[in-house]
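Colleague: I'm new to this one and would like a close look at a single part of it. Could you take me through the aromatic rings, starting with one residue and working outwards?

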Amino acid sequence: MSNSTDSSAWIQFAQRIQAIAQTGLTYAVSPYDVERYGELSAIAAAMIAGPEPAEMDRARLLFSAERGYATPKVDVRAAVFQEDRLLLVREREDGCWSLPGGWAEVGQSAAESVEREVREESGYVVRAVKLLACWDRNKHSHPAIPFHAYKLVFRCELVGGASSGSSETSEVAFFAEGQIPALSLTRTLPEQIQFVFGSLRDPAAATVFD
């Protein structure tokens, strides 16, 4: 087993431990149970953070902000085409490119969330027309993050607007299939780019899921 596979499995164990701790803290009545679930959450934070004290404190704060029954988070992404070129945005965080998108918002449907994310990150106005994929992030080769997440990819039609960066994105551009720049792998993988171009060539293809 490779080191990257070992690391991914380790993070997934930590995600599961944190989910058990969060759900336990939601329903626990006994002070003994509250203490034990709190210890589990601290163990998960240590597994995520590694040996650095500052990172461990950050992980604990991140987990302590989560309340209620633990469920996967939802990441929405948009496949927007213009003359067979795909819309990508450049992330300020790492300087690489991704499908526009982000976490779904409470109070919005997944389609409404992806339309909002495209508008905020790129300046373009789009309409979600088809759910192309629902992927389990843990089952693909993204770098690990603290939480388990599902990735929903929508085909979106370009309605209007104009190219504009944001606080999260520094550039906005359309790319041909053979000219895709370096990707922000925590957000978008090369095989996912290949998939959305395939969906452009076969618009009747069924939605895929893990």
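Modeller: Start with F81, which is buried, with a relative accessible area of 11%. Keep in mind as we go that this is a predicted model. Buried here means under 20% relative accessible area, so F81 at 11% makes the cut. Now look for F197: that residue is buried as well, and its relative accessible area is 2%.

What do these two have to do with each other? Quite a bit, as it turns out. The protein chain has four aromatic pairs by the rule used here. A pair of rings like this is described by how far apart the centres lie and by the angle between the planes. For F81 and F197, the ring centres are 5.3 Å apart and the planes stand at 70°. Edge-to-face calls for planes over 60 degrees apart, so this pair is edge-to-face. Follow the chain and you'll find F81 in strand β1 (residues 73–82), while F197 belongs to helix α5 (residues 190–201). The pair therefore ties together parts that are 116 residues apart in sequence.

W97 and F175 make another aromatic pair, again edge-to-face, with 5.0 Å from centre to centre and 80° between the planes. W97 sits in strand β3 (residues 97–98) and F175 in strand β7 (residues 169–175), so here the parts being tied together are 78 residues apart in sequence. Both W97 and F175 are buried.

One more ring is worth a stop. The charged end of K73 sits over the ring of F147, at 4.9 Å from the ring's centre.

Let's zoom out to see where all this fits. The protein chain has five helices and eight strands, and along the sequence they run α-α-α-β-β-β-β-α-β-β-β-α-β. Of its 210 residues, 37% are buried. If you take the contacts between residues at least 6 apart in sequence, 70% of them join residues at least 24 apart. On the outside, the protein chain exposes about 11,400 Å², and carbon and sulfur atoms supply 54% of that.

Before you go, have a look at helix α2 too. Its 19 residues (residues 31–49) should span 27 Å at 1.5 Å a residue, and the end C-alpha atoms are indeed 27 Å apart, so the two agree. The buried residues of α2 are S41, A44, A45, M47 and A49. An α-helix has 3.6 residues a turn, so residues three or four places apart point the same way. You can keep that in mind while you turn α2 around on screen and pick out S41, A45 and A49, which are among its buried residues.

Terms used. Residues numbered from 1 in each chain as written. Predicted model: local features only at pLDDT ≥ 70, side-chain atom pairs only at ≥ 80, totals over all residues. Heavy atoms only, no water. Helix = DSSP H or I, 4+ residues; strand = E, 2+ residues; numbered from the N terminus. Buried < 20%, exposed > 50% of the residue type's maximum accessible area, 1.4 Å probe, protein only. Contact = heavy atoms within 4.5 Å. Areas by Shrake-Rupley, 256 points an atom, 1.4 Å probe, with all protein chains shown as cover. Expected span 1.5 Å × (residues − 1). Phe/Tyr/Trp six-rings, centres within 6.5 Å; stacked < 30°, edge-to-face > 60°. Lys NZ or Arg CZ within 6 Å of the ring centre and 35° of its normal.
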